[in-house]
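Hi everyone, thanks for coming. I'll talk you through one structure today, so have a look at it first and then we'll walk around it together.

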Amino acid sequence: MTSVVERLNGGTPVFSVEFFPPRDDADELVLWRAIRELEALDPAFVSITYGAGGSNRDRTIRTTGRVVQETTLVPMAHLTAVDHSVAELRNVIGWYAAVGLRNILAVRGDPPGDPNGEWVPHADGLTYAEDLVRLCRELGDFCVGVAAFPYGHPRSADLDTDTRHLVRKLRAGADFAIAQLFLDPDDFLRLRDRVAALGHDTFLLPGLMPLTTPRTLAKSVELSGAPVPAAVARRLEPLVDDPKAFRSAGVDLVTEMGERLLAEGVPGLHFYTFNRSKATREVVGRLGLVPVRT
């Protein structure tokens, strides 16, 4: 199976997408409609999330297995250390290998029920994402990614400390990193500069989410941990009561962010889709990231 790094090494910018495992049969139909619609656009890879404490572990494995067996897509599964012993983590990694998966995003994960709560490691588990990276490396020929935080992890003392943590994960064996959401491209580019200043060169992908509703804007703020930039607020807040105008302006804004990042030489754009495809397809089409059919 193709690795994420092989897709990022193609010489031209690409895009990738993130899905989460379905909660029930109805969600599964929605997810697979989005997968099929995006498959035709040949994303570099698709990412399947993993619930806190393993809450969606079985669905993640099943969904990833279906992507491996039933599509032409390159899948990447998430793995977290939350509430898992090393033995359980070895078991999950073995399951991934058994279904033919080669790509893993290794993240420590947030405490169940409260993302900002106190981190308590499993008595027989791992404490840091870099330890999880090393475990994946020990157990197979995996392409391993990690998370990056343009505004710093909520429990990091400052941006410089957080950047050193990221570089440690990369030096532990991670092949690439995917940034959490942001609404100002300069914040991502400053993260890239901080990593480079520490002497580490890696594939660093910006994470974007099409802003189609006020709810998606609020979710972006929640996931980024940063307030809405003034320029974004000026464009979107006057439109909160006009769904059509808000969607149009939000898609325009994310397209402009993508244009800026591509002009700055990023290897690709990673889209958080919430298991919908339409807005992502619009943005990647506008950005020219869809392969030309001959």
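Okay, let's begin with F182. This is a predicted model, so everything I say is computed from that prediction. In the model, F182 has a relative accessible area of 3%, and because buried means under 20%, F182 counts as buried. What about F188? Its relative accessible area is 0%, so F188 is buried by that cut-off too.

These two residues form an aromatic pair. Their ring centres are 5.5 Å apart, with 20 degrees between the planes, and that makes the pair stacked.

How many aromatic pairs does the count come to? It comes to three. One that I'd like to show you is F20 with F274: the ring centres are 6.3 Å apart and the planes meet at 70 degrees, so this pair is edge-to-face. The F20–F274 pair links distant parts of the chain, 254 residues apart. You'll find F20 in the loop between β1 and α2, and F274 in the loop between β8 and α11.

Are F20 and F274 buried, exposed or partly exposed? F20 has 27% relative accessibility, so it counts as partly exposed. F274, at 31%, is partly exposed as well.

Stay with F274 for a second, as there's something about its backbone. F274 has a positive phi of about 50 degrees, and it is not a glycine. For background, most residues other than glycine have a negative phi. D42 is another residue to look at here: its phi is near 55 degrees, again a positive value in a residue other than glycine. D42 sits in the loop between α2 and β2, and with 38% relative accessibility it counts as partly exposed.

Back to the loop between β8 and α11, where we also find R276. In numbers, β8 covers 268-272 and α11 covers 278-286. R276 has 52% relative accessibility, and since exposed means over 50%, it counts as exposed. Which residues does R276 touch, leaving out those up to four places away in sequence? V30 and A34. If you want a feel for distances, take R276 and V92: they are 184 residues apart in sequence, and their C-alpha atoms are 27 Å apart in space.

Now on to the strands. Strand β1 runs over residues 14-19, and six of its six residues are buried. In a regular strand the side chains alternate between the two faces of the sheet. For β1, V14, S16 and E18 are on one side, F15, V17 and F19 are on the other, and both faces are covered.

What does β1 pair with? One partner is β8, in the parallel sense, over five bridges. Within that pairing, the bridge partner of E18 is Y272. Another partner is β2, residues 46-48, also in the parallel sense, over three bridges. Here V17 stands opposite V46. And if you follow the chain from β1 through helix α2, residues 25-39, to β2, you've traced a right-handed β-α-β unit.

Let's zoom in on S47, which is in strand β2. S47 has a relative accessible area of 0%, so it is buried. What does the side chain of S47 make a polar contact with? The answer is the side chain of H78, at 2.5 Å. Not counting residues up to four places away in sequence, S47 touches V17, E18, F19, M76, H78 and H270. Of these, V17, E18 and F19 are ones we just met in β1.

Last stop: helix α6, residues 159-171. Why should its 13 residues span 18 Å? Because each residue counts for 1.5 Å, and the expected span is 1.5 Å times one less than the number of residues. The end C-alpha atoms are indeed 18 Å apart, which agrees.

At the start of α6, a side-chain oxygen of D158 comes to within 3.2 Å of the backbone nitrogen of D160. Just after the helix, G173 takes a positive phi of about 130 degrees. In α6 itself, the buried residues include T161, D162, L166 and L170. What covers the buried residues of α6? The covering elements include α5 (129-139), β5 (143-148), β6 (176-181) and α7 (185-197).

That's the tour. Thanks for listening!

Methods. Residues numbered from 1 in each chain as written. Predicted model: local features only at pLDDT ≥ 70, side-chain atom pairs only at ≥ 80, totals over all residues. Heavy atoms only, no water. Helix = DSSP H or I, 4+ residues; strand = E, 2+ residues; numbered from the N terminus. Buried < 20%, exposed > 50% of the residue type's maximum accessible area, 1.4 Å probe, protein only. Contact = heavy atoms within 4.5 Å. Pairing = 2+ DSSP bridges. Right-handed = clockwise from strand over helix to strand, strands pointing away. Polar contact = N/O pair within 3.5 Å; in protein donor to acceptor, adjacent residues only side chain to side chain. Phe/Tyr/Trp six-rings, centres within 6.5 Å; stacked < 30°, edge-to-face > 60°.
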